[in-house]
2 protein chains.
Amino acid sequence: MNKSDNTPELATLRHSASHILATAVLDMFPEAKLGTGPATDEGFYYDFELPRTLIPEDLKLLEKKMKHIVKQNQKFEKNEEPIEQAREFLQKIQQHFKIEIIDELEQAGESSVSFYKNGNFVDLCSGPHIDSTQQLKAFKLTHFSASYWRGDAERPSLQRIYGVAFATADDLKKWEELQVEAKKRDHRKLGAELGLFTFSEQVGSGLPLFTPKGAFLRDQIADTIQEIQAKYGFEKVWIPHITKKDLYETSGHWEKFKDDLFHVKGKSDTEFVMKPMNCPHHTQIFAASAKSYRDLPIRYAETTTCYRDELPGELLGISRVRALTQDDGHIFCRPDQVKEECRNIVHVIREFYTKLGMFGEGDYWVSLSVRDTKTPEKYLGDPKNWDAAEQYLQEVADEEKLNAKRVEGEAAFYGPKLDFQFRDALGRQWQLATIQLDFVQPERFKLEYTNEKGEAETPVMIHRAVAGSLERFLAVIIEHFAGQFPVWLAPEQARFVPVATDFIPACEEMAAELKKAGARVTVDTSSDSLGKQVRNAEKAKLPYLLVVGEKEAKAKSVTIRERGKEEQETVPLAEFAERLS
Amino acid sequence: MNKSDNTPELATLRHSASHILATAVLDMFPEAKLGTGPATDEGFYYDFELPRTLIPEDLKLLEKKMKHIVKQNQKFEKNEEPIEQAREFLQKIQQHFKIEIIDELEQAGESSVSFYKNGNFVDLCSGPHIDSTQQLKAFKLTHFSASYWRGDAERPSLQRIYGVAFATADDLKKWEELQVEAKKRDHRKLGAELGLFTFSEQVGSGLPLFTPKGAFLRDQIADTIQEIQAKYGFEKVWIPHITKKDLYETSGHWEKFKDDLFHVKGKSDTEFVMKPMNCPHHTQIFAASAKSYRDLPIRYAETTTCYRDELPGELLGISRVRALTQDDGHIFCRPDQVKEECRNIVHVIREFYTKLGMFGEGDYWVSLSVRDTKTPEKYLGDPKNWDAAEQYLQEVADEEKLNAKRVEGEAAFYGPKLDFQFRDALGRQWQLATIQLDFVQPERFKLEYTNEKGEAETPVMIHRAVAGSLERFLAVIIEHFAGQFPVWLAPEQARFVPVATDFIPACEEMAAELKKAGARVTVDTSSDSLGKQVRNAEKAKLPYLLVVGEKEAKAKSVTIRERGKEEQETVPLAEFAERLS
């Protein structure tokens with residue numbers, strides 16, 4: 001998803017590819033009804049109402065038909081028509097979804113519309129398009145899925161066919177290679193190969209269980225964030241995983257999300273729910289004792305698991321789960337502290353992603369979501385606070401050189417926010433860290449502090465996450481590092497491989513010494529051949545493999561095979577220990 | 001609950017007190033039906049079927065009547081009677097619960113029974129008793145509660161009246177003083193005063209929320225255990241807080257405990273439950289990959305929250321909660337490794353409680369619960385494994401000098417166990433750490449490992465907890481330390497108190513230096529008077545209070561007021577830093 005790929009020219013090419021797809025679909029299913037077919041970041045899709053459900057083989061056939069259409073070098077011809085005439089035409093060819101679009105255009109005041117024609121295919125379309133089908137040189141249909149007309153589950157069910165299209169065959173090849181690499185790095189595959197997590201039929205889908213290695217990764221991420229955030233004044237708190245529904249009635253979540261919650265019932269009549277977020281609980285800790293302006297800001301942080309009733313079809317490895325552990329934080333501050341607190345969080349985020357090597361130029365971008373001033377009724381809270389907050393966020397973004405993209409109308413109803421999007425090693429983007437201002441919950445929970453004049457005032461609440469969901473974050477970095485974790489993060493940093501079982505005691509002695517210094521090392525005590533031991537260690541993608549034979553055992557040294565390097569070197573154990581730390 | 005108090009003589013005195021109580025009750029309610037009235041660790045109780053529910057005032061009245069009976073110096077007289085005659089007598093005085101006891105005695109082969117008489121009161125009783133009521137010199141009725149005949153909820157409801165009795169008035173006075181002290185140390189009171197945890201009406205009862213200070217205590221306990229257990233080969237794992245009920249159908253818990261579980265429902269038909277324990281989940285991590293005899297023992301540990309649907313009336317501060325966090329551990333090992341693994345756990349427990357200062361002589365005792373060999377049908381698993389395991393536990397207890405009390409018939413149906421009971425500063429006993437063998441779950445979950453011969457074998461599972469439930473453990477140590485936590489455990493180790501606001505900067509500078517070295521220190525920046533600041537710091541029960549005036553600010557020193565000490569001393573900051581660490 002390289003941003004520069006999505007130039008207007010490429011978008012035109014991709015949109016034309018969707019017309020060529022529709023041409024092929026109508027050839028295969030003359031009764032097909034056309035939805036819409038836009039360009040996407042990497043290609044295009046088109047929605048159809050079809051007489052039957054597609055099967056994977058259909059994609060091959062359609063691709064073949066598309067290639068044939070490309071070869072025919074059909075010209076794209078634009079034709080402007082009065083609306084009434086256009087409607088009559090669409091009625092004749094029985095495309096009722098397009099008629100719905102015409103109706104809307106008419107209501108919006110249009111008196112004429114444009115059609116694009118290639119070969120026998122005609123589509124209501126504002127264009128632009130490429131000159132002729134032969135210009136589409138590099139494309140591929142990738143998959144299909146169910147969709148709804150206008151994305152509305154109450155409207156007719158459609159089938160969406162996806163494809164990719166590029167300017168050159170070379171670009172397509174690069175994309176295909178990327179897919180192969182992505183498949184190799186798939187966190188579900190690597191998670192199983194490296195023994196990081198598992199699922200149990202008896203526990204349920206979307207509920208991962210983490211092995212010692214996977215649990216280590218979780219802790220290492222959470223502890224690293226904790227270590228950083230403690231320096232910035234965050235204090236850990238602890239809340240239970242359930243609550244009476246009363247808490248969410250006050251916060252307003254009950255009304256909106258009650259159907260997406262896990263409901264909990266015991267012997268009594270009390271209705272409990274599993275928490276899908278932590279902010280309402282944290283307000284109760286804030287509210288537990290009286291606060292003065294001098295006590296603010298108060299910065300709570302907690303790594304805690306939330307539960308969301310995702311549908312089984314939406315679950316994906318540990319990337320989309322029902323038990324998601326958030327590195328959540330909530331700041332309660334005075335309005336005049338908002339800017340400094342946001343800056344403080346930016347520093348936590350920067351320090352963490354810098355440690356991961358993901359904060360270089362081009363590694364990330366930030367969106368600053370502000371309100372749409374044309375629809376003030378959509379936002380709750382004092383407009384003056386909004387103005388100040390949006391300005392603060394902009395200033396922080398500028399001063400911290402975040403190069404933020406301001407997006408009007410993307411703010412939540414309760415406040416503006418900064419979202420951090422990170423690119424992984426394959427260039428894919430992930431929204432991970434976030435800073436969100438909230439003018440609403442403090443009021444709903446009647447939180448207050450006493451100001452300098454002894455009056456009660458409402459604090460501002462700032463929600464923040466650094467990694468977001470630990471599970472999703474782990475999925476991202478497993479794929480980012482292709483399972484080759486940096487030394488500080490690797491659950492197993494090095495493995496001793498004795499050239500013969502005789503040298504196991506020497507290995508264990510040296511391993512014990514490294515462990516004492518905090519290193520995570522193991523010894524292969526199996527009776528496998530040296531070759532097999534080395535291959536096993538390589539499969540485990542360990543940073544270091546330490547071969548020990550007679551020479552090393554005597555000299556208390558190790559022969560290091562570093563991950564990804566051909567040459568080996570023999571160094572004293574002490575030197576290796578230093579390198580590890 | 002000093003063990004030496006419970007000498008046979010004292011037990012006799014206390015049992016006689018229960019007769020005197022029953023005498024008083026029959027005087028007040030002539031229609032009362034007598035249940036049973038044994039001695040307890042500190043006194044006695046007696047169960048009655050009464051014509052009305054007791055009110056607190058009744059206790060005063062009954063106590064007065066008892067004192068009157070004591071004064072009358074009624075002799076206790078024993079009278080042996082043939083069973084038939086005894087039954088006729090009990091029918092005459094309409095004591096049907098006693099007749100039920102007679103029937104059982106007859107079935108057990110007794111031909112005669114004994115009665116004890118004092119004044120007009122006669123009770124079926126095997127004795128012994130004191131000579132006369134005047135020997136009861138120091139007693140007190142404490143409270144009453146509901147009970148059932150034979151403790152069976154299906155049998156008639158009774159009312160149980162509790163009292164304490166001691167050999168001397170002095171002993172009673174000591175006991176009363178202990179109650180006052182216990183009340184002062186009540187963890188609910190101290191928890192609120194020290195700001196450690198809170199409850200929210202909107203979140204629900206039994207669901208505590210921990211403030212930064214309380215969360216620190218939780219972490220410090222869990223981290224200390226983790227640091228110790230890591231040395232002994234335990235590896236952390238992570239499991240979600242819910243599961244499909246299938247998991248408990250396999251483990252057998254569903255059938256037994258389904259009514260005590262929190263049931264979880266989402267949009268789908270899947271029935272989830274909140275986990276009330278962790279062992280079944282941990283078996284699924286073990287089962288995730290093939291294991292060989294060389295991989296064992298495998299030691300999983302996790303600090304994770306379980307949920308149990310306790311009735312509101314059973315909840316008590318953080319001592320009895322609905323969200324209980326266990327420092328749970330499960331070892332999967334070969335039968336021949338059981339002894340070594342149990343010893344390993346004993347070492348973890350010893351190291352932890354030694355750090356807390358609770359493992360001195362007399363601070364704890366251990367019960368070794370083995371099976372009742374007369375009822376082998378009550379226990380599952382290979383008797384040979386049981387024999388070996390019980391012997392191993394006994395050997396470990398002996399070799400580790402645990403001075404364990406062997407209790408026949410107290411083993412769980414799935415295996416024998418060692419329970420550690422610790423005495424707190426007030427002499428009260430708490431069952432905290434446990435080591436339990438389990439021959440059943442590995443079979444139910446079809447867990448296996450490959451032995452030396454390449455055959456599948458079933459591992460033994462050992463359950464263990466060091467602190468037990470973190471919440472209950474915190475309640476215990478809050479009361480044990482009366483909120484005066486040792487330096488290593490105190491959330492706030494020291495507070496700087498500037499003699500005037502001018503010295504706040506000097507305090508903050510010194511505080512920053514200590515913090516950098518890992519100390520948990522704060523500065524009182526309020527405008528309160530020095531006296532008030534000192535009093536506040538004393539209320540917070542901090543280990544150290546550091547007064548800083550001109551002299552100290554100049555010399556970079558602090559005047560230390562140590563908790564519980566009268567004298568102050570001024571030392572260089574560096575010296576204090578060293579003392580802290």
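## A walk through a two-chain model

Start with chain A as a whole: 53% of its 581 residues are buried. Bear in mind as you click around that this is a predicted model. With the cartoon on, you can page through 18 helices and 27 strands in chain A. Its C-alpha trace spans about 90 × 75 × 55 Å along the principal axes. If you display contacts between residues at least 6 apart in sequence in chain A, 70% of them join residues at least 24 apart.

**Stop 1: both chains together**

Now show chains A and B side by side. How do you lay chain A on chain B? A turn of 179° with a shift of 0.0 Å along the axis does the job, giving an RMSD of 0.6 Å. That is how a two-fold axis relates its copies. The two chains use the same surface to meet, as 100% of the contact residues of chain A recur in chain B. To find the axis from the chain A side, select Val264(A): its C-alpha is 2.4 Å from the rotation axis, the closest approach of any chain A residue.

**Stop 2: the eight-stranded sheet of chain A**

Hide chain B for a moment and colour the strands of chain A. Eight of them make an open sheet with mixed pairing, in the order β10-β14-β15-β22-β19-β18-β16-β17. The edges are β10 (235-236) and β17 (405-408) of chain A, each of which pairs on one side only.

Next, select residues 298-307 and 323-333 of chain A. These are strands β14 and β15, and ten bridges hold them in an antiparallel pair. Pick Arg299(A) and look straight across to β15(A), where Ile331(A) stands opposite. While you have sticks on, recall that in a regular strand side chains alternate between the two faces of the sheet.

Then add residues 338-355 of chain A, which form helix α11. Which strands does α11(A) lie across? The helix covers β14, β15, β18 (417-423), β19 (429-438) and β22 (460-469) of chain A, and runs at about 5° to β22(A).

**Stop 3: the cysteines**

Show the cysteine sulfurs in both chains. How many disulfides are there in the whole structure? A search over all chains finds zero. Cys333(A) is a good one to click on: its nearest cysteine sulfur belongs to Cys342(A) and is 7.5 Å away, so no disulfide forms here, given the 2.5 Å cut-off. Cys333(A) counts as buried because its relative accessibility is 0%. Jump to chain B and the story repeats, with Cys342(B) supplying the nearest cysteine sulfur to Cys333(B) at 7.5 Å, and no disulfide. Cys333(B) is buried as well, at 0% relative accessibility.

**Stop 4: strand β22 of chain B**

Stay in chain B and select residues 460-469. Is this strand, β22(B), mostly covered or mostly open? Mostly covered: ten of its ten residues are buried. On one pairing, strand β15 (323-333) of chain B runs antiparallel to β22(B) over seven bridges. You have already met one residue of this pairing, since Cys333(B) has Val460(B) as its bridge partner in β22(B). In another pairing, strand β19 (429-438) of chain B joins β22(B) through five bridges, again antiparallel. Here, click on Asp438(B) and find Met461(B) opposite in β22(B).

**Stop 5: Glu479 in chain B**

Move along to residues 470-480 of chain B, helix α14, and pick out Glu479(B). Buried or exposed? Glu479(B) is buried, because its relative accessible area is 9%. Follow its side chain and you'll see it reach the backbone nitrogen of His187(B) at 2.8 Å. Leaving out residues up to four places away in sequence, Glu479(B) touches Arg185(B), Asp186(B), His187(B) and Arg428(B).

**Stop 6: the four-stranded sheet of chain B**

Last stop. Four strands of chain B make an open antiparallel sheet in the order β1-β2-β7-β6. Strands β1 (33-34) and β6 (138-148) of chain B are its edges, each pairing on one side only. Select 43-49 and 157-166 of chain B to see β2 and β7, an antiparallel pair with six bridges. Phe44(B) faces Gly163(B) of β7(B) across that pairing. Finish by adding residues 169-185 of chain B: this is helix α5, packed on the sheet and touching β6 and β7 of chain B. The direction of α5(B) makes about 55° with that of β6(B).

Note on methods:
Residues are numbered from 1 along each chain as its sequence is written. Chains are lettered from A and ligands numbered from 1 in the order in which they are written. This is a predicted model: local features need pLDDT of at least 70, side-chain atom pairs count only at pLDDT 80 or more; totals for chains, interfaces and linings use all residues. Side-chain values use heavy atoms; hydrogens and water are left out. Copies are superposed by least squares on the C-alpha atoms of residues with pLDDT of at least 70 in both. Contact means heavy atoms within 4.5 Å. Buried means under 20% relative accessible area, exposed over 50%, partly exposed in between (1.4 Å probe, protein chains only). Helices (H or I, at least four residues) and strands (E, at least two) are DSSP runs, numbered from the N terminus. A polar contact is a pair of N or O atoms within 3.5 Å; within protein, one must be able to donate a hydrogen and the other to accept it, and residues adjacent in sequence count only if both atoms are side-chain atoms. Two strands pair if DSSP finds at least two bridges between them. Axes are lines fitted to C-alpha atoms, for helices over the stretch in contact, and angles run from 0 to 180 degrees between N-to-C directions.
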